[in-house]
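Student: Could you walk me through this model? I'd like to begin with the ligand and then move on to the rings and the cysteines.

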Amino acid sequence: MNFHNCWLKKRSFPYPSTVREAAEAELSNLGVPFKIYINGNGDGFTISKNGNEYQISGGETGALYAAFRLGVLLNNKTDFTQINEAPSYENRIINHWDNFNGNIERGYSGKSLFFDDNEIDYDENRMRHYARMLASVGLNAVAINNVNVSLPAVKLITGEKLPRLAKLAEIFKPYGVRLILSINYASPVMLGELDTADPCDPRVADWWKKRFDIIYSYIPNLLGVLVKADSENQPGPFSYGRDHADGANLFAKALAPHGGYVFWRCFVYNCKQNWRDTKTDRPKFPYDNFMPLDGRFDENVVLQIKNGPYDFQIREPVSPLLGAMKQTTQAVEFQIAQEYTGQQIDLCFLPTLWREVLDTGFKVKHIAAVTNTGNDFNWTGNYLAAANLYGYGRLAWDSSLSPESIAAEWCGLMFEDADARAAVKKMLLDSREIYENYTTPLGMGWFVTPHTHYGPDPLGYEFSLWGTYHRADREAVGIDRSSRGTGYTRQYPPEVAAVYDNIDTCPEELLLFFHRVAYNHVLKNGKTLIQYLYDSHFKGAEGAERLLKAWEALEGRVPGEIYKNVLERLHKQVKNAYEWRDVFNTFFYRLTGESDGLGRLIYK
Ligand code: GCV
């Protein structure tokens, strides 16, 4: 199949057989004189310019990353004499939520790159390009299957499937990319080999030890496994009266002889909540479940924690668990796939959001994100959604980068025309705020259509089991999560909790996450809450129209295929923004009876 290569210029292979060969091939491809000095094994590198010659030093993977970096610097005509770089995170991971039948959970860019019809089925040539593309932004690990692992995907770790996985690992290897497998916690039971998955039963420990011996005999450089346990109906240690340290350490011990990690997800909450119960508060679960276990996890356990305490909403506070467990290794988990942020139809440049999360200053060793790639010819469905994958890779490499510099760099690689570069950069940088404005501003969250998570449905999740409520009534909206309310704020250090606790000091963009606020409450700009909500939705819809206009002005300045692809989606985005504006405003008008202060149309 022919495909477009996002930001990366295609090159023809002889496919490299080692990382060093890959680095040399990439450097030769740039058409400039170079020398490579390999020292050590690290991912960091130095590029020095000596006359016309570029001297690269670093470990083998470092040289590879240097080659790609130099490509960007040359493309963007950046002047430099020496550049030293080292990654911010040891493992820079993407997670595919690909099912064995070829569908992708929360996938918006076609079918799986790895599976079809309940078989491992990949296009080897495309996999080579994928490995190269990931390495070009410094990504070094890929979990290829969904964290929800059911039969027959449970069989992925059996001798029947491992040879094909081993081949994939070999394809990824020259680009420094390592495989991770998502596994079902209760595999020994699911595969019919044991009648228990109790982490404290020696038979279970023995089963996993032998299983990993087999897996590593096929894939010696497997980075490890990813486990979603006791979460959204997946099995876990709770079924056996054990806790998550018992569960994670079971895998850690079996992986340790092979140098593997267990990435253990902290997305653990009660998904059978009763909406009548206003005391139970879903965002409290990850911290409540894991914080007391600090100090009990083996060294090769990595707790993988979503960036917010809820679930990838357009705005949430940073998870209080991140950085709080001083004796536990952690990874932050982002979502590049735009499940709640426009599904790769609406433009929403996520590095803006991730920047804010990273700016809160927590320290973790690894970083992971749910990817937005599939087998669409351009990998991400919407061409502009590739900026999110690129941006994730760049932030995973250098967590200090600004959204502005990432957007500029990506536009520089994607477009020749200077006006197009500037215009798309602006579109990207404006897009998160626009999306937030016409969907759920002020940290309100959860107003989406159940299951699909695209488009508004005010009461869709309001009376559900999922713990996802805004609790709007005639007087007020939002949840009091202060220490006087559900007590969620107590999970932060006292000085942070104090800021969130007080409605006057709570950052306004998170107001409805932390507080239950009356519609006549006056905000910092002097407007009442209800007026702010109306304004935000009119403004957001206008913003979506502006994005469309900005793109229309680029006809003839960007390649026709890209123009058409994005145009189609921007038209849909405008429609979606109108729907959100009208449904949202009408819902609150009907509740409150408050008209818009500016007399704009709100349907009755
Ligand atoms: C893979 C959300 C999504 C689910 C996803 C889950 C998770 O709830 O809607 O599709 O499941 O997060 O992160 O495990």
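Student: How far is an oxygen atom of the ligand from an N or O atom in the side chain of Glu-339?
Tutor: The separation is 2.6 Å, and a polar contact here is a pair of N or O atoms within 3.5 Å, where, within protein, one must be able to donate a hydrogen and the other to accept it, and residues adjacent in sequence count only if both atoms are side-chain atoms. This is a predicted model, in which local features need pLDDT of at least 70 and side-chain atom pairs count only at pLDDT 80 or more, while totals for chains, interfaces and linings use all residues. Residues are numbered from 1 along each chain as its sequence is written, and side-chain values use heavy atoms, with hydrogens and water left out.

Student: And what distances do Lys-228 and Glu-232 give?
Tutor: For the side chain of Lys-228, an N or O atom is 2.6 Å from a ligand oxygen, and for that of Glu-232 the distance is 2.8 Å. The protein covers 96% of the 340 Å² of accessible area that the ligand has on its own, with areas taken from the Shrake-Rupley method with a 1.4 Å probe.

Student: How many residues of the shell are charged?
Tutor: The shell has 8 charged residues, alongside 4 nonpolar and 3 polar ones.

Student: Switching to rings, how many aromatic pairs are there?
Tutor: There are 42, a pair being rings of Phe, Tyr and Trp (its six-membered ring) with centres within 6.5 Å, where planes under 30 degrees apart count as stacked, over 60 as edge-to-face and the rest as tilted. One of them joins Phe-114 and Phe-115, with centres 6.2 Å apart and 65 degrees between the planes, an edge-to-face arrangement.

Student: Why is the pair of Trp-410 and Phe-415 edge-to-face?
Tutor: Their planes stand at 85 degrees, with the centres 6.2 Å apart, so the pair is edge-to-face. Both Trp-410 and Phe-415 are buried, meaning under 20% relative accessible area, whereas exposed is over 50% and partly exposed lies in between (1.4 Å probe, protein chains only).

Student: Last topic: how many disulfides does the structure hold?
Tutor: It holds 0 disulfides, a disulfide being a pair of cysteine sulfur atoms within 2.5 Å. For Cys-6, the nearest cysteine sulfur belongs to Cys-411 and is 13 Å away.

Student: Why does Cys-200 have no bond to Cys-266?
Tutor: The sulfur of Cys-200 has its closest cysteine sulfur in Cys-266, and at 19 Å that is too far for a bond.

Student: Are Cys-6 and Cys-200 buried or partly exposed?
Tutor: Cys-6 counts as buried because its relative accessibility is 7%, whereas Cys-200, at 41%, counts as partly exposed.

Terms used. Nonpolar A, V, L, I, M, F, W, Y, C, P; charged D, E, K, R; others polar.
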